[in-house]
Amino acid sequence: MWWIYALLSAAFAALTAIFAKVGIKGVDTNLATAIRTVVILVLAWAIVLFRGNYNMGSLTKTNWAFLVLSGIATGLSWIFYFKALQLGKVDQVAPLDKLSVPLAIILATIFLGEKLTLKDSIGAFLIISGTFVLILKF
């Protein structure tokens, strides 16, 4: 099932770029990010409450610390992504944003001890290469 969720994530991420590019026209990108964040906050809490998964007592201090750090990283990513979209073209910004994939592979190897296979290395290299093919105008 994980791959279905991953494909849905990719599809909605693609829509995010398109909707954001139109939505930020003539708008401060920080304000746009704040509005987007409120929408996400309401949606996420609605899902939690609907599903009844709100046992916050099960979270450890480590859970809290890393979820807060993840939230900070996400917020900064969105702020920079919206600014990049406002200044650049979607067909250049979106591929560059996807360099997060090889970066995540590298960071998971270093910090999480995940095994870096030859297949992972080749895939990361192809993503990096594809990114440069897409963003460079020949």
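This tour moves from the whole chain to an annotated region and then to a single arginine.

Begin with the entire protein chain of this predicted model, coloured by secondary structure, where six helices and zero strands should appear, following one another along the sequence in the pattern α-α-α-α-α-α. Switch to the C-alpha trace, which spans about 55 × 45 × 25 Å along its principal axes.

Next, show the surface of the protein chain: the accessible area comes to about 10600 Å², and 76% of that area belongs to carbon and sulfur atoms. Of the 138 residues, 13% count as buried. Among contacts with a separation of 6 or more, 72% are made by residues 24 or more positions apart. If you then display the charged side chains, you will find 11 positive and 5 negative ones, with the centres of the two sets lying 4 Å apart.

Now select residues 2-135, the range that UniProt, in an unreviewed entry, lists as "domain: EamA". Over this range the chain is 82% helix and 0% strand, and the C-alpha atoms at its two ends are 29 Å apart.

For the last stop, select helix H2, residues 29-51, and within that helix pick out Arg-36. Which residues does Arg-36 touch, once its neighbours within four places in sequence are left aside? They are Thr-16, Trp-78 and Phe-82, so show their side chains together with that of Arg-36. Finally, add Asp-97 to the selection: Arg-36 is buried yet has no salt bridge, and Asp-97, the nearest side chain of opposite charge, is 8.4 Å away, whereas a salt bridge would require a nitrogen-to-oxygen distance within 4 Å.

Methods: Residues are numbered from 1 along each chain as its sequence is written. This is a predicted model: local features need pLDDT of at least 70, side-chain atom pairs count only at pLDDT 80 or more; totals for chains, interfaces and linings use all residues. Side-chain values use heavy atoms; hydrogens and water are left out. UniProt positions are given in the numbering used here, feature names are shortened, and annotations may be inferred rather than shown by experiment. Helices (H or I, at least four residues) and strands (E, at least two) are DSSP runs, numbered from the N terminus. Buried means under 20% relative accessible area, exposed over 50%, partly exposed in between (1.4 Å probe, protein chains only). Contact means heavy atoms within 4.5 Å. Accessible areas come from the Shrake-Rupley method with a 1.4 Å probe; for residues, only the protein chains shown count as cover. Lys and Arg count as positive and Asp and Glu as negative; His and the chain ends are not counted. The place of a charge is taken as NZ of Lys, CZ of Arg, CG of Asp or CD of Glu.
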